Amino acid sequence: MKRNLLVAMFAASGMMLTTSCSQDEQFILSEEEVQVTFSLGLEGSMKTRAISDGTGINKLHYAIFNSEGGIVESSKNTETGFPFTTTTALVKGETYTAVFWAQNKACTAYSVSEDMKSITIDYSNALNNDEDRDAFFKTETFTVTENTNLNIVLKRALAQLNTGMLESDWEDAKKNNITIAKSEVVIQQAATTLNLMDGSVSNPTDVTFASSDILEETLSIDVDCDGEQETYKYLSMSYFLVMDGSDGSSKLEI
């Protein structure tokens with residue numbers, strides 16, 4: 001029996017559309033201040049379940065830093081859906097950097113540092129096929145001169161490793177009394193730290209995503225780039241922070 005396995009890493013694109021949430025505040029502005037509204041959305045896909053639809057993202061951490069690196073506003077563990085809006089008063093003519101991290105509130109693998117500048121990932125006891133590990137982030141540097149609205153798309157922070165099997169091979173396996181019910185993945189040198197300010201990753205470690213039930217989904221992807229998507233039986237899905245090099249110079253696009 002032939003066994004054609006597909007391993008693919010996807011970079012999702014497109015903007016998620018869900019019910020909008022907001023954090024509305026009333027401001028009395030001084031002559032030196034302007035009102036800035038952040039409108040946040042998630043990079044995702046509405047076309048295929050294979051790349052995840054991001055609907056499990058419901059917790060947000062964010063901080064706004066002044067040009068000297070001090071926090072002028074921050075929020076941890078804000079429970080919300082996306083799109084999400086929040087408004088604040090900032091000093092006119094000043095340059096700020098805002099960082100955003102969004103995840104599923106059920107996931108305890110991610111820790112935000114006290115200074116709000118980095119994320120630490122705990123891979124211990126990680127299960128394979130855990131969709132709760134999906135997460136998004138974005139860093140935005142801007143100068144404010146007037147009341148403004150900033151539209152910001154948070155990007156997927158971790159790589160998604162997918163493994164699939166042709167449906168025809170799956171059926172052949174069943175006919176030969178071969179049952180695949182669980183999957184496990186070992187990844188060497190996955191990064192454990194993400195610097196939210198500059199996108200750099202560091203502190204690699206070997207990771208075992210322990211055996212867990214396979215997803216009851218189909219994996220659809222245009223493998224041969226002929227314009228038609230092939231359908232596979234979803235065998236494995238893992239989220240991890242990619243460590244491209246060994247010198248600590250790896251960076252994610254911010």
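How many bridges join strand β9 to strand β13, and in which sense do the two strands run? Keep that in mind as you load the model, which is a predicted one. To find the answer, select residues 118-121 for β9 and residues 182-195 for β13: the two strands run antiparallel and are joined by 3 bridges. For a landmark in this pairing, show T120, which stands opposite T193 in β13.

**The whole chain**

Now zoom out and colour by secondary structure. You should find 1 helix and 16 strands in the chain. The chain has 254 residues, and 47% of them count as buried. If you turn on a contact map, look away from the diagonal: of the contacts between residues at least 6 apart in sequence, 76% join residues at least 24 apart.

**The four-stranded sheet**

Go back to β9 and β13 and add their partners. Together they belong to an open sheet of 4 strands, in the order β8-β9-β13-β14, with antiparallel pairing. At the edges you will see β8 (110-112) and β14 (201-213), each pairing on one side only. Look along the sheet and you can follow its twist: neighbouring strands are turned by 25° against each other on average, direction ignored.

Next, select β13 and β14 on their own. This antiparallel pair is held over 9 bridges, and I187 stands opposite V207 in β14. Follow the chain from one strand to the other and you trace a hairpin with 5 residues in between. Stop in the turn at G199, where phi is positive, at about 80°.

**Two nonpolar cores**

Switch to side chains and select W101, Y110, Y123, L158, L194, F209 and F240. These residues have the most contacts inside the largest nonpolar core, which has 38 residues. Then pick V36, L90, F100 and F136, which are among the 22 residues of a second, separate core. As background, nonpolar side chains tend to be buried together in soluble globular proteins.

**N104, a buried asparagine**

Your next selection is N104, in the loop between β7 (95-103) and β8. Is N104 buried or exposed? N104 has a relative accessible area of 10%, so this residue counts as buried, the cut-off being under 20%.

Show the polar contacts around N104. A polar atom of the N104 side chain lies 2.8 Å from the backbone nitrogen of A106. The same side chain makes a polar contact with the side chain of D132, at 3.2 Å. Beyond its neighbours within four places in sequence, N104 is in contact with G56, I57, N58, D132 and D134.

**N147, an exposed asparagine**

For a second asparagine, move to N147, in the loop between β10 and β11 (148-156). N147 counts as exposed because its relative accessibility is 52%, and exposed means over 50%.

What does N147 touch, not counting residues up to four places away in sequence? Display L29, V34 and Q35 to see these contacts. The N147 side chain reaches the backbone nitrogen of Q35 at 2.7 Å. Add E33 to the view as well: its C-alpha atom and that of N147 are separated by 8.7 Å, although the two residues are 114 apart along the chain.

**Backbone stops**

Most residues other than glycine have a negative phi, and most peptide bonds are trans. With that in mind, visit three places.

- Select M116, in the loop between β8 and β9. Phi of M116 is near 65°, a positive value, and the residue counts as buried at 3% relative accessibility.
- Select N125, in the loop between β9 and β10 (135-143). Phi of N125 is also positive, near 65°, but N125 counts as exposed, at 77% relative accessibility.
- Select F82 and P83 to find a cis peptide bond, with omega near 5°. P83 lies in the loop between β5 (71-79) and β6 (84-91).

**Last stop: two cysteines**

Finish with C107 and C225. Which of them is buried and which is exposed? C107 is buried, at a relative accessible area of 7%, whereas C225 counts as exposed, at 66% relative accessibility. If you were planning to draw disulfides, the structure holds 0 of them.

Notes:
Residues are numbered from 1 along each chain as its sequence is written. This is a predicted model: local features need pLDDT of at least 70, side-chain atom pairs count only at pLDDT 80 or more; totals for chains, interfaces and linings use all residues. Side-chain values use heavy atoms; hydrogens and water are left out. Two strands pair if DSSP finds at least two bridges between them. Axes are lines fitted to C-alpha atoms, for helices over the stretch in contact, and angles run from 0 to 180 degrees between N-to-C directions. A disulfide is a pair of cysteine sulfur atoms within 2.5 Å. Buried means under 20% relative accessible area, exposed over 50%, partly exposed in between (1.4 Å probe, protein chains only). A polar contact is a pair of N or O atoms within 3.5 Å; within protein, one must be able to donate a hydrogen and the other to accept it, and residues adjacent in sequence count only if both atoms are side-chain atoms. Contact means heavy atoms within 4.5 Å. A nonpolar core is a set of buried Ala, Val, Leu, Ile, Met, Phe, Trp, Tyr and Cys residues joined through side-chain atoms within 4.5 Å.
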